[in-house]
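Me: I am new to this structure and should be grateful for a close look at a single part of it. Please take one chain and describe how it is built, and then place it beside its partner.

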Amino acid sequence: MKAIRILARGIRDAFKSVIRNFSLSTAAITCSSITLILVAVAMIISYNVKNITKDLEKELSIVVYMKETVTEDQINEFKSKLEAMKNENVEAYTFKSKEEWKLEMKNYSDTFSTALDYLDTNPLLNSFTIIVKDVNHLKETTDEIKKLDYIESADYGEGMAENLVKAFDVIEKVTLVIVLALILVTAFLIGNTIRLTIFSRRNEIEIMRLVGASNISIRLPFLFEGFFLGILGSIIPILVTIYGYVLLYDHFNGYLFTHIIRLTEPFNFILYVALLLLLIGAIIGMIGSYRAVRKYLKI
Amino acid sequence: MKLIEIKNCYKVYNNGVTAIADLNLSIEKGEFVFVIGASGSGKSTLIKMLYREEKPTNGNVYVGGINVAKLRNSKVYKLRRKIGNVFQDFKLLPKLTVYENVAFALESIGLHSKEIRPKVIKALESVGLKEKMRSFPNQLSGGEQQRVCIARAIVNDPKILICDEPTGNLDPDISKEIVLILDKINKESGTTIVMATHDKEIVNRMKKRVIHLENGVVVSDDKKGSYKVHESN
């Protein structure tokens, strides 16, 4: 019962303090709103980049053409070697025989069909399409496959796609660092606000200590205050993120510039972001105030 | 029963000043004790050690069975709940009414509002300020403010009332009134009172135990003492 009363008193005092120090609270809420909006933007970019990278990675594969003279046994031997490489970087492979290629090309257009009919032999090559586990080692894997026998050529989409994936990787890491830095800034701002409210209530705290209030009951209101400030500071960012992202998505019809870059669908993705913002707000509010309380409430 | 017992107590501040040197003292339950001495005699340090605002550098200070010297920071509140404090500058909260100021002490220690009300009214009655409970501190005279401070100190029925120069800011007539209230509390509820003071007239009139400190040492401890100036050789 007593614990509940102390808790209730903590919450009440926290509310009172937020309202009484209105200008100070507004400043902290505004600051954390701005930083949390930036955090949200960074999170959305980071997540989208991740998805786009995943999409692109699926496109990245190694195409192997077998020598024209290759026999069925040799193809099977090659297959078993690929199978062995599954322990390394090979995720999966598909085989397409030259007959399949021929059939496909015949269906593709009548010109090809007639042209191929004139030839006695099949000029096409047997091929393998290989998907790798880690795109970053695409080149090494290709080189390794090139060393195998019976191969005419082994190639991957060198150039643009690979560079794009690498660039996105960097963007993702940079945004992550920015998010962490902004979170720290917000925690610091909220901590500063709490420090000022501690200062403005130092007489009250002194008397509480003298009449025998326990440390926890002195600290609790300030912890709640930080919690509330964090939550209040996350409301505007949440609204901005939800409406902003849905509008952006609709405006671009889900694609950015080209059809290669597909944006993540807003629902439920954006709701997770909103929930995360609320949690970040509440937690950094608590962390900020905990630090201030520990440092400036020497009890 | 000894309520306060100080044994071989030393207090040396960080700047090297020795405020208390080998102090031995005991105060019984229900006593009314004056602590006198010039500025810098260690009087305030002694008072502050009783409610652990200061920790002794050496030796032991027992208050109500608790060893203040070994009391952990997180447990200080247990000691403070046995003690009422009256200050020279009252330390009232200006934005709260008289009633709220006294109730604040009980709210802070987590009492239910149903328990708080009768206790606050009783405390205000005993200092004769019940009719002013809706006033704010700045609407009261100095003497009245000090009476609020006393009401706040006694509202939780402490065993000991520690008064650090409670009449320092008040004129002689009001000072007398304050000391009579303290005397009444001492007699009616058996609360032990330790009062540091400069006020010669009050000490001489009350005829209570007087502990005289000089340079951190007890120079006299009389059962029915008066304010004498001791020659220090």
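Reply: The account below concerns chain B first, and afterwards turns to its partner.

The model is a predicted one, and what is said here should be read with that in mind. The secondary structure of chain B consists of 7 helices and 10 strands. The chain has 233 residues, of which 42% count as buried. Of the contacts in chain B between residues at least 6 apart in sequence, 67% join residues at least 24 apart.

A suitable place to begin is the sheet. Four strands of chain B form an open sheet in the order S2-S1-S4-S5, and the pairing is antiparallel. The edges are held by strand S2 (18–28) and strand S5 (66–67); each has a single partner strand, so one side of each is left without a neighbour in the sheet. The pairing of strand S1 (residues 2–12) with S2(B) is antiparallel and extends over 7 bridges. Within this sheet, B:Lys11 has B:Ile20 of S2(B) as its bridge partner.

Helix H1 (residues 43–50) of chain B comes next. Of its 8 residues, 6 are buried, so the helix is largely enclosed by the rest of the structure. The buried residues are B:Lys43, B:Thr45, B:Leu46, B:Ile47, B:Met49 and B:Leu50. After H1(B) comes B:Arg52, which has a positive phi, near 55°.

That sign deserves a remark. Most residues other than glycine have a negative phi. Two further residues of chain B may be set beside B:Arg52. B:Lys207, which is not a glycine, has a positive phi near 55°. B:Lys207 lies in the loop between helix H7 (200–206) and strand S9 (209–214) of chain B. It has 13 C-beta neighbours inside 10 Å and therefore counts as partly exposed, since exposed residues have 12 or fewer and buried ones 20 or more. B:Asn215, also not a glycine, has a positive phi of about 50°. B:Asn215 is placed in the loop between S9 and strand S10 (217–222) of chain B. With 15 C-beta neighbours inside 10 Å, B:Asn215 counts as partly exposed.

The side of chain B that touches chain A can now be described. Here 15 residues of chain B are in contact with 16 residues of chain A. Helix H2 (76–80) and helix H3 (98–108) of chain B each supply at least two residues of that side. The most is given by H3(B), with 4 residues. By class, this side of chain B has 5 nonpolar, 6 polar and 4 charged residues.

Chain A offers a helix pair for study. The axes of helix H2 (residues 22–59) and helix H10 (residues 269–296) of chain A come within 11 Å and cross at roughly 140°, which makes H2(A) oblique to H10(A). The crossing of H2(A) past H10(A) is right-handed. Among the residues that make the contact are A:Leu36, A:Val39 and A:Met43 of H2(A), together with A:Val273, A:Leu276 and A:Ile280 of H10(A). The residues of this contact divide into 11 nonpolar, 2 polar and no charged.

One peptide bond of chain A completes the account. A:Phe267 and A:Asn268 are joined by a cis peptide bond, with omega about 5°. A:Asn268 is located in the loop between helix H9 (215–251) and H10 of chain A.

Notes
Residues are numbered from 1 along each chain as its sequence is written. Chains are lettered from A and ligands numbered from 1 in the order in which they are written. This is a predicted model: local features need pLDDT of at least 70, side-chain atom pairs count only at pLDDT 80 or more; totals for chains, interfaces and linings use all residues. Two residues are in contact if their C-beta atoms, placed from the backbone, lie within 7 Å. Ala, Val, Leu, Ile, Met, Phe, Trp, Tyr, Cys and Pro count as nonpolar, Asp, Glu, Lys and Arg as charged, and the others, Gly among them, as polar. Axes are lines fitted to C-alpha atoms, for helices over the stretch in contact, and angles run from 0 to 180 degrees between N-to-C directions. Angles under 35 degrees count as roughly parallel, over 145 as roughly antiparallel, 65 to 115 as roughly perpendicular and the rest as oblique. A crossing is left-handed if the near helix is turned anticlockwise from the far one by less than a right angle, and right-handed if clockwise. Two strands pair if DSSP finds at least two bridges between them.
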